[in-house]
Amino acid sequence: MNGTDLTALIDTMDEERVELLLQLFADVELTISTPPRTGLMMLAVHDSFATAFYPGEILVTEARVIYDGCEGFGMVLGEAPRRALARAAADAVFRYSDATQVQKSVRACLLEEAAMQKTRQLENGALVAATKVNFDLMPGA
Amino acid sequence: MGYVAVKGGNEAIEEACRLFAYERTKGVSPPLGVDQIREQLYLAVDRIMSEGALYAPELAALALKQAAGDTFEASFMLRAFRATQQRLGYSLPAGTEKMRVVRRISSAFKDIPGGQILGSTSDYTLRLLDFDLLGDDEARRSAFRERIFRHLPLDVEVPQTFPKVISILRREGLLEDVMAVEQREDAIADITRHPLTFPAPRSASLQALARGETGGMLTLAYSSMRGYGNIHPTLGELRVGYLPLTIRHPLSGEPYVIGEVKVTEAEVLARMEGNDGMPKFSLGYGLCFGQNEIKAISMAILDRSTRTKTPKSPAEDQEFVLYHTDGIEAMGFCNHWKLPHYVDFLSDLDRLRKSQELAQAATRKESTDAAA
């Protein structure tokens, strides 16, 4: 998983784990260049004729932070300022040119999160899979 | 009795607002948590988001609480909140082939690639009251969860994405495949920035329907199904799932997935038409926020019915459909009749009295003429 894929996991992380992630940046000098702010992202979808249209807007929170001169961007669903900051900080350390200790720690934390989310998805997937229809033909059909 | 224009009533209005809030709190039950509404009344939350045209589950749940369960009011609040927020951007157009599907059925084909996945649905419930829910508590829930996972085959996986059912028909040349040249659009219309004009471009029509009120859309779609129109649909595919919300990373330019948005999509196959002498199925398309299957199917039917070349019934008239299915506008107009119309009515009364006087004078004159 690349850095962007990993930071995407932050959107659905439990709040306690978001705080754990933020603690990884405790000893790192981060500057909040754009404080978290809410806003709207218009969703565009292609219909079955490849015509794009807007079904509606989505509430998001965005933030930007700078890590050693390297800017990171974070945007998450809903009103979630801490989560947006966590994603921006993770983005900044992943975009930073050199491998750093904090980058390794954040990667490890997010890979652990990926495994947890995979387990949850498998459980939910199994519930959905159990509803798959196996048709039997009617007698004489 | 005199009828006059008035002003004032501020204190009474404020007290009425307080009384409305009090009605929600006067019972002995514990306060309803927004998280409870979001998690346990999720279909209502989905409906509010869809009709409010704003995907924000937490706020939709809050609106439902504040509105004491009135979904019209709750959608109105959500749309009002939307007006206070800055638009930060637009997503990259998402194709629903990438949807992480949790439910997917077709009434057109028995065997579809990937199979029919019923998912979470109330379609097959008996609609009999479940009195056990009166005793809903954590112990009961734990036991239910334990039971549902006990026999679950964890090694069976459903693919996360599925090919479209209609692609089977499209491959065989049985389905209209693209919009006619004159219907293609250079830019996506946005009715939140530019008012609807008619005939509305396809993107504007779909946007208006996607934020339409479920009941209103069902009414018009039902009229078409019953014969006030000519759309007898077959459900090519109905899917519920999660669509990635993807933008361009503002710094790197790479695709950036913000998160997933739950949507319902419906594709209905309707009557055969052929522009080039070759008859083909035509298609209606519906997609809305959340799980709202009646709305998505109704939208697909109305999408198809409003493309009828010679409209003969209300559901085939694009202007009629799009102007009358926005629940917030319709509810606002209906509610405005509760506001004082004292001057209007005084004018009506004056006119009526004058008309009666004239009628009585005419009657008297006729009687006098007859006596003479």
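Read along the sequence, chain A follows the pattern α-α-β-β-β-α-α. Its secondary structure therefore comes to four helices and three strands, and its radius of gyration is 20 Å, well over the 14 Å that the globule rule gives for 141 residues, so chain A is more spread out than a compact globule. Please keep in mind throughout that this is a predicted model.

Let me stay with chain A for a moment. Along its principal axes, the C-alpha trace spans about 75 × 35 × 25 Å. Of the 141 residues, 43% count as buried. If we take the contacts in chain A with a separation of 6 or more, residues 24 or more positions apart account for 49% of them.

I turn now to chain B. Its domain assignment gives domain 1, residues 10-82; domain 2, residues 96-122 together with 159-331; and domain 3, residues 338-372. The centres of domain 1 and domain 3 of chain B, taken over C-alpha atoms, are separated by 48 Å.

How do the two chains meet? On the side of chain B, 61 residues are in contact with 44 residues of chain A. Several elements of chain B give two or more residues to this side, among them strand E1 (54-55), helix H4 (57-66), strand E2 (87-90) and helix H8 (202-210). Strands E4 (234-248), E5 (255-273) and E6 (280-289) of chain B also belong to that list. The largest share, six residues, comes from E5(B). By character, the residues on this side of chain B divide into 37 nonpolar, 13 polar and 11 charged.

The chains are also joined through their strands. Strand E1 of chain A, residues 30-46, is linked to E2(B) by three bridges, and the two strands run parallel. Within E2(B), Arg87(B) is the residue that stands opposite Leu40(A).

Leu40(A) brings us to a residue in contact with it, Ile58(A). Which residues is Ile58(A) in contact with, leaving aside its neighbours within four places in sequence? In chain A they are Leu40(A), Met41(A), Leu43(A) and Leu77(A), and in chain B they are Tyr55(B), Leu245(B) and Val261(B).

Ile58(A) also has a place in the largest nonpolar core, which has 110 residues. The residues with the most contacts inside this core are Ile58(A), Ala89(A), Met49(B), Ala60(B), Leu78(B), Met299(B) and Leu302(B). The element that gives the most to the core is E2(A), with nine residues. From chain B, the core draws at least three residues from each of domain 1 and domain 2.

Ala60(B), which I have just named, is one of the buried residues of helix H4(B). The others are Pro57(B), Leu59(B), Ala61(B), Ala63(B) and Leu64(B). What covers these buried residues includes strand E2 (52-67) of chain A, and from chain B helix H2 (34-40), helix H3 (42-52) and helix H5 (71-82). On helices in general, an α-helix has 3.6 residues a turn, so residues three or four places apart point the same way.

Another well-covered element is strand E3 of chain B, residues 100-105. Five of its six residues are buried, so this strand is largely enclosed by the rest of the structure. Five bridges join E3(B) to E4(B), and these strands run antiparallel. Arg100(B) stands opposite Tyr242(B) in E4(B).

I close with some details of the backbone. Most residues other than glycine have a negative phi, and most peptide bonds are trans. Where does this model depart from that pattern?

One place is Ala50(A), whose phi is positive, near 65°. Ala50(A) sits in the loop between E1 and E2 of chain A. Is Ala50(A) buried or exposed? With 12 other C-beta atoms within 10 Å, Ala50(A) is exposed, because the cut-off for that class is 12 or fewer.

A second place is Ala68(B), which has a positive phi of about 55° although it is not a glycine. Ala68(B) follows H4(B) and lies in the loop between H4 and H5 of chain B. Ala68(B) has 13 other C-beta atoms within 10 Å and is partly exposed.

Finally, a cis peptide bond joins Phe198(B) and Pro199(B), with omega about 0°. Pro199(B) is found in the loop between helix H7 (166-171) and H8 of chain B.

Methods:
Residues are numbered from 1 along each chain as its sequence is written. Chains are lettered from A and ligands numbered from 1 in the order in which they are written. This is a predicted model: local features need pLDDT of at least 70, side-chain atom pairs count only at pLDDT 80 or more; totals for chains, interfaces and linings use all residues. Two residues are in contact if their C-beta atoms, placed from the backbone, lie within 7 Å. Ala, Val, Leu, Ile, Met, Phe, Trp, Tyr, Cys and Pro count as nonpolar, Asp, Glu, Lys and Arg as charged, and the others, Gly among them, as polar. Two strands pair if DSSP finds at least two bridges between them. A residue is buried if 20 or more other C-beta atoms lie within 10 Å of its own, exposed if 12 or fewer, and partly exposed in between; C-beta atoms are placed from the backbone. The radius of gyration is taken over C-alpha atoms; the globule rule is 2.2 Å times the number of residues to the power 0.38. A nonpolar core is a set of buried Ala, Val, Leu, Ile, Met, Phe, Trp, Tyr and Cys residues joined through C-beta atoms within 7 Å. Domain bounds come from an automatic or database domain assignment.
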